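Biologist: Could we go through this structure together? I should like to begin with the aromatic rings and then move on to other topics.

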Amino acid sequence: MQYGANKFLFTGDAETRAEKDMLAAHLIPIVDVLKVSHHGAKESTNANILSQANPTYAAISVGLDNPYHHSTAEAHSTA
């Protein structure tokens, strides 16, 4: 999505396989804001996605009390 000069990438619940497919198809643009995939789960938003998108900001959408324990420490240290 683009709003004015700002570009955003919303990855939804994409996990590793979907991210690999998006990278292979050259579908990851350079963006200002990245919505981290799958609520910051361990199997999402890998270093390759971050390298390609090169976001200035990354947002993780999670609830305070969730049974899946998202977002993971890996998501915080990578993003």
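**Aromatic pairs and surroundings**

Modeller: Searching the whole structure turns up one aromatic pair. F8 and F10 make up this pair, and their rings are stacked, 6.2 Å centre to centre with 5° between the planes. Please bear in mind that this is a predicted model.

Biologist: Why does that geometry count as stacked?

Modeller: The angle between the planes of F8 and F10 is 5°, and planes under 30 degrees apart count as stacked, so the pair receives that label.

Biologist: Is F10 buried or exposed?

Modeller: F10 is exposed, because its relative accessible area is 52% and the cut-off for exposed is over 50%.

Biologist: And what about F8, its partner?

Modeller: F8 has a relative accessible area of 22% and is therefore partly exposed; buried would require under 20%.

Biologist: Which residues form a nonpolar patch on the surface?

Modeller: The patch consists of M1, Y3 and F10, which together have about 420 Å² of accessible area. F10 thus belongs to the patch as well as to the stacked pair with F8.

Biologist: Where does Y3 lie, and how exposed is Y3?

Modeller: Y3 is in strand β1, which covers residues 2–3. Its relative accessibility is 61%, so Y3 counts as exposed.

Biologist: Changing topic: how many helices and strands are there in the chain?

Modeller: The chain has three helices and four strands. Their order from the N terminus is β-β-α-β-α-β-α.

Biologist: How much of the chain is buried?

Modeller: The chain has 79 residues, of which 32% count as buried. About 5,300 Å² is exposed by the chain, with 55% of that supplied by carbon and sulfur atoms.

Biologist: What share of the contacts comes from residues far apart in sequence, say 24 or more positions?

Modeller: Among contacts with a separation of 6 or more, 58% are between residues 24 or more positions apart.

Biologist: I should also like to discuss I49. Where does I49 lie, and is I49 buried or exposed?

Modeller: I49 is part of helix α2, residues 47–53. I49 counts as buried because its relative accessibility is 1%, whereas the cut-off is under 20%.

Biologist: Which residues is I49 in contact with, leaving aside its neighbours within four places in sequence?

Modeller: With those neighbours set aside, I49 contacts E19, L23, I28 and N54. As for I28, it is 21 residues from I49 in sequence, and the C-alpha to C-alpha distance is 7.3 Å.

Methods: Residues numbered from 1 in each chain as written. Predicted model: local features only at pLDDT ≥ 70, side-chain atom pairs only at ≥ 80, totals over all residues. Heavy atoms only, no water. Phe/Tyr/Trp six-rings, centres within 6.5 Å; stacked < 30°, edge-to-face > 60°. Buried < 20%, exposed > 50% of the residue type's maximum accessible area, 1.4 Å probe, protein only. Helix = DSSP H or I, 4+ residues; strand = E, 2+ residues; numbered from the N terminus. Contact = heavy atoms within 4.5 Å. Areas by Shrake-Rupley, 256 points an atom, 1.4 Å probe, with all protein chains shown as cover. Patch = residues over 30% accessible without salt bridge, like charges linked within 9 Å, V, L, I, M, F, W, Y side chains within 5 Å. Salt bridge = Lys/Arg side-chain N within 4 Å of Asp/Glu carboxyl O.
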